[in-house]
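I opened this model to look up its open and closed spaces and how its parts meet. These are my notes, in the order I made them.

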Amino acid sequence: MKTIQFREAIQQAMSEEMRKDDTIYLMGEEVAEYNGAYKASKGMLDEFGPERVIDTPISELGFSGIGIGSAMNGNRPIIEFMTFNFSLVGIDQIINNAAKMRQMSGGQFNIPIVFRGPTASAGQLAATHSQAFESWYANCPGLKVIVPSNPYDAKGLLKSAIRDNDPVIFMESEQMYGDKGEVPEEEYTISIGVAEIKREGTDVTIVSFGKIIKEAYKAAEDLEKEGISCEIIDLRTVRPMDHDAILKSVKKTNRLVILEEAWPFGNVATEITYQVQEQAFDYLDAPIIKINTADTPAPYSPELLKEWLPNSNDVIKAVKKVLYKK
(Lines give C-alpha, C1' and ligand atoms only; values in the text may rest on other atoms or scores of the structure.)
Protein backbone atom coordinates (compact mmCIF):
# COMPACT_ATOMS: atom_id res chain seq x y z
CA MET A 1 0.00 0.00 0.00
CA LYS A 2 1.09 3.56 -0.68
CA THR A 3 -0.33 6.75 0.86
CA ILE A 4 -1.42 9.21 -1.83
CA GLN A 5 -3.74 12.17 -2.22
CA PHE A 6 -7.24 11.91 -3.64
CA ARG A 7 -6.14 13.91 -6.71
CA GLU A 8 -3.29 11.46 -7.28
CA ALA A 9 -5.73 8.53 -7.11
CA ILE A 10 -7.80 10.17 -9.86
CA GLN A 11 -4.71 10.84 -11.97
CA GLN A 12 -3.41 7.29 -11.52
CA ALA A 13 -6.74 5.73 -12.49
CA MET A 14 -6.97 7.77 -15.69
CA SER A 15 -3.32 7.30 -16.65
CA GLU A 16 -3.27 3.55 -16.00
CA GLU A 17 -6.35 3.02 -18.15
CA MET A 18 -5.05 5.32 -20.91
CA ARG A 19 -1.80 3.34 -21.11
CA LYS A 20 -3.81 0.20 -21.85
CA ASP A 21 -6.32 1.63 -24.30
CA ASP A 22 -5.56 4.21 -26.99
CA THR A 23 -9.26 5.03 -27.40
CA ILE A 24 -9.39 6.66 -23.96
CA TYR A 25 -8.74 10.39 -23.78
CA LEU A 26 -9.30 13.26 -21.34
CA MET A 27 -10.98 16.50 -22.37
CA GLY A 28 -12.01 19.60 -20.42
CA GLU A 29 -11.09 23.08 -19.30
CA GLU A 30 -7.46 23.43 -18.17
CA VAL A 31 -6.85 19.67 -18.03
CA ALA A 32 -3.71 19.86 -20.18
CA GLU A 33 -1.40 22.89 -20.01
CA TYR A 34 -2.45 23.77 -16.45
CA ASN A 35 -2.36 20.12 -15.24
CA GLY A 36 -6.03 20.36 -14.23
CA ALA A 37 -7.82 23.00 -12.19
CA TYR A 38 -7.21 20.84 -9.09
CA LYS A 39 -4.06 19.15 -10.46
CA ALA A 40 -5.94 15.87 -10.95
CA SER A 41 -4.38 15.47 -14.42
CA LYS A 42 -0.85 16.50 -13.46
CA GLY A 43 1.74 15.19 -15.91
CA MET A 44 -0.78 13.63 -18.28
CA LEU A 45 -0.20 16.06 -21.13
CA ASP A 46 3.53 15.29 -21.05
CA GLU A 47 2.87 11.55 -21.14
CA PHE A 48 -0.03 11.29 -23.57
CA GLY A 49 0.27 14.43 -25.71
CA PRO A 50 -2.28 17.03 -26.85
CA GLU A 51 -4.35 14.58 -28.91
CA ARG A 52 -5.32 12.61 -25.81
CA VAL A 53 -5.27 15.32 -23.12
CA ILE A 54 -7.27 18.12 -24.65
CA ASP A 55 -7.85 21.65 -23.35
CA THR A 56 -11.21 23.11 -24.35
CA PRO A 57 -12.79 26.56 -24.39
CA ILE A 58 -15.39 27.36 -21.73
CA SER A 59 -18.03 25.43 -23.66
CA GLU A 60 -19.50 22.55 -21.65
CA LEU A 61 -22.37 21.97 -24.08
CA GLY A 62 -19.88 21.73 -26.95
CA PHE A 63 -17.28 19.42 -25.48
CA SER A 64 -19.91 17.21 -23.81
CA GLY A 65 -21.48 16.70 -27.23
CA ILE A 66 -18.11 16.07 -28.86
CA GLY A 67 -17.35 13.44 -26.23
CA ILE A 68 -20.68 11.67 -26.77
CA GLY A 69 -20.24 11.71 -30.55
CA SER A 70 -16.73 10.28 -30.27
CA ALA A 71 -18.01 7.56 -27.91
CA MET A 72 -20.53 6.58 -30.58
CA ASN A 73 -17.59 6.19 -32.95
CA GLY A 74 -15.54 3.85 -30.77
CA ASN A 75 -13.71 6.09 -28.30
CA ARG A 76 -13.93 6.11 -24.50
CA PRO A 77 -13.80 9.76 -23.45
CA ILE A 78 -13.32 11.16 -19.96
CA ILE A 79 -14.97 14.59 -19.80
CA GLU A 80 -13.92 16.78 -16.89
CA PHE A 81 -16.14 19.56 -15.60
CA MET A 82 -14.32 22.13 -13.49
CA THR A 83 -17.35 21.69 -11.24
CA PHE A 84 -20.65 19.91 -11.78
CA ASN A 85 -22.37 23.26 -11.38
CA PHE A 86 -21.06 23.96 -14.89
CA SER A 87 -22.42 20.64 -16.18
CA LEU A 88 -25.81 22.35 -16.28
CA VAL A 89 -24.64 24.08 -19.44
CA GLY A 90 -24.12 20.65 -21.03
CA ILE A 91 -26.93 18.75 -19.32
CA ASP A 92 -28.99 18.51 -22.50
CA GLN A 93 -26.24 16.42 -24.08
CA ILE A 94 -25.88 14.25 -20.98
CA ILE A 95 -29.58 13.58 -20.40
CA ASN A 96 -30.96 13.58 -23.93
CA ASN A 97 -28.07 11.95 -25.77
CA ALA A 98 -25.63 10.09 -23.51
CA ALA A 99 -28.31 8.53 -21.29
CA LYS A 100 -30.76 7.67 -24.06
CA MET A 101 -28.70 6.81 -27.14
CA ARG A 102 -28.39 3.10 -26.42
CA GLN A 103 -32.15 2.69 -26.13
CA MET A 104 -33.02 5.05 -29.00
CA SER A 105 -30.59 3.27 -31.33
CA GLY A 106 -31.97 -0.16 -30.45
CA GLY A 107 -28.64 -1.12 -28.89
CA GLN A 108 -26.55 -0.12 -31.91
CA PHE A 109 -24.62 2.50 -29.93
CA ASN A 110 -23.11 2.15 -26.49
CA ILE A 111 -21.87 5.38 -24.92
CA PRO A 112 -18.75 4.46 -22.89
CA ILE A 113 -18.11 7.92 -21.45
CA VAL A 114 -17.23 9.28 -18.00
CA PHE A 115 -18.25 12.76 -16.91
CA ARG A 116 -16.22 13.67 -13.82
CA GLY A 117 -15.48 16.66 -11.59
CA PRO A 118 -16.31 18.22 -8.20
CA THR A 119 -19.77 18.28 -6.68
CA ALA A 120 -21.49 20.11 -3.79
CA SER A 121 -20.06 22.90 -1.64
CA ALA A 122 -16.39 23.76 -1.27
CA GLY A 123 -16.35 26.60 1.22
CA GLN A 124 -17.33 30.16 0.41
CA LEU A 125 -18.14 29.70 -3.27
CA ALA A 126 -21.72 30.96 -2.95
CA ALA A 127 -25.00 29.66 -4.33
CA THR A 128 -24.19 28.86 -7.97
CA HIS A 129 -20.98 26.98 -7.15
CA SER A 130 -22.15 24.90 -4.20
CA GLN A 131 -24.82 22.58 -5.56
CA ALA A 132 -25.16 18.80 -5.28
CA PHE A 133 -26.79 17.22 -8.33
CA GLU A 134 -26.31 13.53 -7.53
CA SER A 135 -30.05 12.95 -7.25
CA TRP A 136 -30.71 14.87 -10.48
CA TYR A 137 -28.47 12.59 -12.52
CA ALA A 138 -29.45 9.45 -10.60
CA ASN A 139 -33.07 10.19 -11.51
CA CYS A 140 -32.29 9.60 -15.20
CA PRO A 141 -32.36 6.00 -16.54
CA GLY A 142 -29.25 5.22 -18.54
CA LEU A 143 -26.76 6.94 -16.24
CA LYS A 144 -24.65 5.48 -13.45
CA VAL A 145 -23.70 7.84 -10.62
CA ILE A 146 -20.61 7.36 -8.45
CA VAL A 147 -19.58 9.55 -5.47
CA PRO A 148 -16.43 8.25 -3.72
CA SER A 149 -15.29 9.51 -0.32
CA ASN A 150 -11.61 8.51 -0.17
CA PRO A 151 -8.60 7.86 -2.45
CA TYR A 152 -8.89 4.06 -2.38
CA ASP A 153 -12.51 4.05 -3.48
CA ALA A 154 -11.92 6.86 -5.98
CA LYS A 155 -9.21 5.01 -7.88
CA GLY A 156 -10.92 1.64 -7.94
CA LEU A 157 -14.30 3.04 -8.93
CA LEU A 158 -12.91 5.41 -11.57
CA LYS A 159 -11.09 2.55 -13.29
CA SER A 160 -14.36 0.59 -13.33
CA ALA A 161 -16.22 3.64 -14.66
CA ILE A 162 -13.73 4.10 -17.52
CA ARG A 163 -14.12 0.44 -18.50
CA ASP A 164 -17.92 0.55 -18.30
CA ASN A 165 -19.83 0.57 -21.59
CA ASP A 166 -22.49 2.97 -20.30
CA PRO A 167 -22.24 6.67 -19.39
CA VAL A 168 -21.04 7.27 -15.84
CA ILE A 169 -21.32 10.44 -13.75
CA PHE A 170 -18.29 10.45 -11.42
CA MET A 171 -18.57 13.11 -8.71
CA GLU A 172 -15.67 14.22 -6.53
CA SER A 173 -15.12 17.18 -4.17
CA GLU A 174 -12.80 20.15 -4.23
CA GLN A 175 -12.37 19.71 -0.49
CA MET A 176 -11.21 16.09 -0.84
CA TYR A 177 -8.47 16.46 -3.47
CA GLY A 178 -5.84 16.90 -0.77
CA ASP A 179 -7.15 14.05 1.40
CA LYS A 180 -4.67 11.22 1.84
CA GLY A 181 -5.29 7.50 2.04
CA GLU A 182 -3.69 4.13 1.41
CA VAL A 183 -3.99 2.75 -2.11
CA PRO A 184 -2.58 -0.58 -3.37
CA GLU A 185 0.35 -0.29 -5.75
CA GLU A 186 -0.91 -3.29 -7.70
CA GLU A 187 -3.87 -3.29 -10.10
CA TYR A 188 -7.36 -3.26 -8.56
CA THR A 189 -10.91 -2.17 -9.33
CA ILE A 190 -14.07 -1.75 -7.26
CA SER A 191 -17.40 -2.94 -8.63
CA ILE A 192 -19.96 -0.27 -9.41
CA GLY A 193 -23.12 -0.56 -7.32
CA VAL A 194 -21.58 -2.07 -4.18
CA ALA A 195 -21.77 -0.14 -0.91
CA GLU A 196 -19.33 -0.72 1.94
CA ILE A 197 -19.71 -0.84 5.70
CA LYS A 198 -17.01 1.58 6.84
CA ARG A 199 -17.74 1.07 10.55
CA GLU A 200 -19.47 -1.89 12.20
CA GLY A 201 -22.15 -1.11 14.76
CA THR A 202 -25.25 -2.45 16.48
CA ASP A 203 -27.46 0.43 17.64
CA VAL A 204 -28.14 2.54 14.54
CA THR A 205 -27.34 2.55 10.83
CA ILE A 206 -25.99 5.76 9.28
CA VAL A 207 -25.98 5.88 5.47
CA SER A 208 -23.99 8.55 3.66
CA PHE A 209 -21.63 9.16 0.72
CA GLY A 210 -19.09 11.67 -0.56
CA LYS A 211 -17.22 14.14 1.61
CA ILE A 212 -20.09 14.71 4.07
CA ILE A 213 -19.61 11.16 5.40
CA LYS A 214 -16.69 12.56 7.43
CA GLU A 215 -19.27 14.17 9.70
CA ALA A 216 -20.79 10.73 10.31
CA TYR A 217 -17.38 9.40 11.35
CA LYS A 218 -16.91 12.28 13.81
CA ALA A 219 -20.35 11.71 15.27
CA ALA A 220 -19.80 7.97 15.62
CA GLU A 221 -16.58 8.52 17.55
CA ASP A 222 -18.29 10.91 19.96
CA LEU A 223 -21.31 8.65 20.37
CA GLU A 224 -19.11 5.64 21.09
CA LYS A 225 -17.91 7.45 24.24
CA GLU A 226 -21.53 7.43 25.38
CA GLY A 227 -21.93 3.74 24.69
CA ILE A 228 -23.81 4.16 21.38
CA SER A 229 -22.63 1.91 18.53
CA CYS A 230 -23.09 3.30 15.00
CA GLU A 231 -22.84 1.31 11.80
CA ILE A 232 -21.78 3.53 8.89
CA ILE A 233 -22.50 2.57 5.28
CA ASP A 234 -20.78 4.44 2.45
CA LEU A 235 -22.99 4.11 -0.61
CA ARG A 236 -20.09 4.89 -2.99
CA THR A 237 -22.49 4.40 -5.90
CA VAL A 238 -25.79 6.30 -5.87
CA ARG A 239 -27.08 4.55 -9.00
CA PRO A 240 -27.22 1.60 -9.09
CA MET A 241 -27.83 1.68 -5.35
CA ASP A 242 -26.92 -1.22 -3.07
CA HIS A 243 -30.30 -1.61 -1.37
CA ASP A 244 -29.37 -5.02 0.04
CA ALA A 245 -26.50 -3.61 2.10
CA ILE A 246 -28.75 -0.96 3.61
CA LEU A 247 -31.59 -3.37 4.33
CA LYS A 248 -29.29 -5.94 5.93
CA SER A 249 -27.86 -3.29 8.24
CA VAL A 250 -31.26 -1.86 9.18
CA LYS A 251 -32.54 -5.32 10.01
CA LYS A 252 -29.64 -5.61 12.45
CA THR A 253 -29.78 -2.15 14.08
CA ASN A 254 -33.51 -1.38 13.63
CA ARG A 255 -32.81 2.33 13.21
CA LEU A 256 -31.71 4.49 10.29
CA VAL A 257 -30.22 7.96 9.87
CA ILE A 258 -29.29 9.22 6.39
CA LEU A 259 -26.74 12.01 5.95
CA GLU A 260 -26.59 13.75 2.56
CA GLU A 261 -25.25 17.08 1.38
CA ALA A 262 -28.21 18.05 -0.77
CA TRP A 263 -31.45 20.00 -0.55
CA PRO A 264 -34.16 18.14 1.39
CA PHE A 265 -36.77 17.76 -1.36
CA GLY A 266 -36.70 14.60 -3.50
CA ASN A 267 -33.09 13.56 -2.94
CA VAL A 268 -31.09 10.34 -2.53
CA ALA A 269 -32.11 10.09 1.13
CA THR A 270 -35.76 10.25 0.10
CA GLU A 271 -35.30 7.22 -2.15
CA ILE A 272 -33.49 5.27 0.57
CA THR A 273 -36.28 6.10 3.02
CA TYR A 274 -38.91 4.77 0.61
CA GLN A 275 -37.02 1.55 -0.08
CA VAL A 276 -36.47 0.82 3.61
CA GLN A 277 -40.06 1.51 4.66
CA GLU A 278 -41.29 -0.67 1.81
CA GLN A 279 -38.94 -3.61 2.36
CA ALA A 280 -38.04 -3.46 6.05
CA PHE A 281 -40.84 -1.56 7.78
CA ASP A 282 -41.41 -4.21 10.44
CA TYR A 283 -37.75 -4.04 11.47
CA LEU A 284 -37.83 -0.30 12.26
CA ASP A 285 -38.04 0.67 15.93
CA ALA A 286 -38.13 4.41 15.14
CA PRO A 287 -38.97 6.70 12.23
CA ILE A 288 -36.16 7.23 9.73
CA ILE A 289 -34.39 10.59 9.97
CA LYS A 290 -32.68 12.19 7.00
CA ILE A 291 -30.22 15.05 7.41
CA ASN A 292 -29.78 17.51 4.56
CA THR A 293 -28.70 21.07 3.90
CA ALA A 294 -31.12 23.88 4.59
CA ASP A 295 -33.78 24.32 1.91
CA THR A 296 -32.17 27.45 0.47
CA PRO A 297 -29.40 28.26 -1.99
CA ALA A 298 -25.98 27.99 -0.34
CA PRO A 299 -25.07 31.23 1.48
CA TYR A 300 -21.75 33.01 1.03
CA SER A 301 -21.44 34.17 4.63
CA PRO A 302 -19.22 31.75 6.58
CA GLU A 303 -21.50 31.84 9.61
CA LEU A 304 -24.60 31.16 7.54
CA LEU A 305 -22.76 28.42 5.63
CA LYS A 306 -22.04 26.61 8.90
CA GLU A 307 -25.75 26.65 9.67
CA TRP A 308 -26.65 25.57 6.13
CA LEU A 309 -24.37 22.51 5.99
CA PRO A 310 -25.06 19.35 8.00
CA ASN A 311 -22.44 18.59 10.64
CA SER A 312 -21.55 15.96 13.22
CA ASN A 313 -23.75 17.59 15.87
CA ASP A 314 -26.76 17.18 13.58
CA VAL A 315 -25.90 13.50 13.24
CA ILE A 316 -25.55 13.08 17.01
CA LYS A 317 -28.95 14.68 17.60
CA ALA A 318 -30.58 12.47 14.95
CA VAL A 319 -29.03 9.29 16.34
CA LYS A 320 -30.17 10.11 19.87
CA LYS A 321 -33.65 10.89 18.56
CA VAL A 322 -34.07 7.52 16.86
CA LEU A 323 -32.74 5.89 20.05
CA TYR A 324 -35.17 7.92 22.16
CA LYS A 325 -32.29 9.37 24.16
CA LYS A 326 -31.77 12.98 25.23
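**Second largest pocket.** I started with where this pocket sits. Domain 1 (2–183) and domain 2 (196–323) both give residues to its lining, so the second largest pocket lies between them. I am working with a predicted model, and I read every entry here with that in mind. I noted a volume of about 200 Å³ for the second largest pocket.

I then listed its lining. The residues are S135, A138, N139, V238, R239, M241, H243, G266, N267, V268 and E271. By class I got four nonpolar, five polar and two charged residues for the second largest pocket. Next I looked up which elements contribute. α6 (134–138), β12 (237–239) and α10 (268–279) each supply at least two residues of this lining.

**A cis bond.** R239 from that lining list took me to its next peptide bond. The bond from R239 to P240 is cis, with omega near 0 degrees. I placed P240 in the loop between β12 and α9 (243–253). I flagged the bond because most peptide bonds are trans.

**Domains.** I went back to the assignment itself. The protein chain is given domain 1 (2–183) and domain 2 (196–323). How far apart do the C-alpha centres of domain 1 and domain 2 lie? I read off 27 Å. For contacts, I found 30 residues of domain 1 touching 28 residues of domain 2. The two domains bury about 2,100 Å² between them. Of that area, 57% is on carbon and sulfur atoms.

I also checked the UniProt record. Its entry is unreviewed, and it annotates residues 4–179 as "domain: Transketolase-like pyrimidine-binding". I looked at what the chain does over that range. Residues 4–179 are 36% helix and 16% strand. The C-alpha atoms at the two ends of the range are 8 Å apart.

**Largest pocket.** I turned to the largest pocket next. It holds about 250 Å³ of space. I counted 13 lining residues, and Q175, K211, I212, E215 and L309 are the closest to its centre. The lining of the largest pocket divides into six nonpolar, two polar and five charged residues.

Which element gives the largest share of this lining? I found that α11 does, with three residues. α8 (213–224) and α11 (302–308) each supply at least two residues of the lining.

**Cavities.** After the open spaces I looked for closed ones. Rolling a probe the size of a water molecule over the atoms shows where empty space is left. How many cavities of 30 Å³ or more are there? I got two.

The largest cavity has about 100 Å³ of space. Its lining has 14 residues, and A120, E134, G210, K211 and E261 are the closest to its centre. I sorted that lining into seven nonpolar, three polar and four charged residues. Domain 1 (2–183) and domain 2 (196–323) each provide at least three residues of it. I noted K211 twice: it is among the residues closest to the centre of the largest cavity, and also among those closest to the centre of the largest pocket.

The second largest cavity has a volume of about 60 Å³. I listed S130, Q131, A132, E261, A262, W263, T293 and W308 as its lining. Four of these are nonpolar, three polar and one charged. Why do I place the second largest cavity between domain 1 and domain 2? Both domains give residues to its lining, so it lies between them. E261 came up again here: it lines the second largest cavity and is among the residues closest to the centre of the largest cavity.

**A backbone oddity.** My last entry is a phi angle. E30 has a positive phi of about 65 degrees, although it is not a glycine. I found E30 in the loop between β2 (24–28) and α2 (44–48). I wrote it down because most residues other than glycine have a negative phi.

Methods: Residues are numbered from 1 along each chain as its sequence is written. This is a predicted model: local features need pLDDT of at least 70, side-chain atom pairs count only at pLDDT 80 or more; totals for chains, interfaces and linings use all residues. Side-chain values use heavy atoms; hydrogens and water are left out. On a 1 Å grid over the protein atoms alone, a cavity is a set of points where a 1.4 Å probe fits but cannot get out, and a pocket is an open set with protein on both sides within 12 Å along at least five of seven lines; lining residues have an atom within 4 Å of a point. Grid points are joined across faces, edges and corners, and a volume is the space filled by probe spheres set on the points. Ala, Val, Leu, Ile, Met, Phe, Trp, Tyr, Cys and Pro count as nonpolar, Asp, Glu, Lys and Arg as charged, and the others, Gly among them, as polar. Domain bounds come from an automatic or database domain assignment. UniProt positions are given in the numbering used here, feature names are shortened, and annotations may be inferred rather than shown by experiment. Helices (H or I, at least four residues) and strands (E, at least two) are DSSP runs, numbered from the N terminus. Contact means heavy atoms within 4.5 Å. Buried area is the accessible area (1.4 Å probe) that two parts lose on being put together, summed over both.
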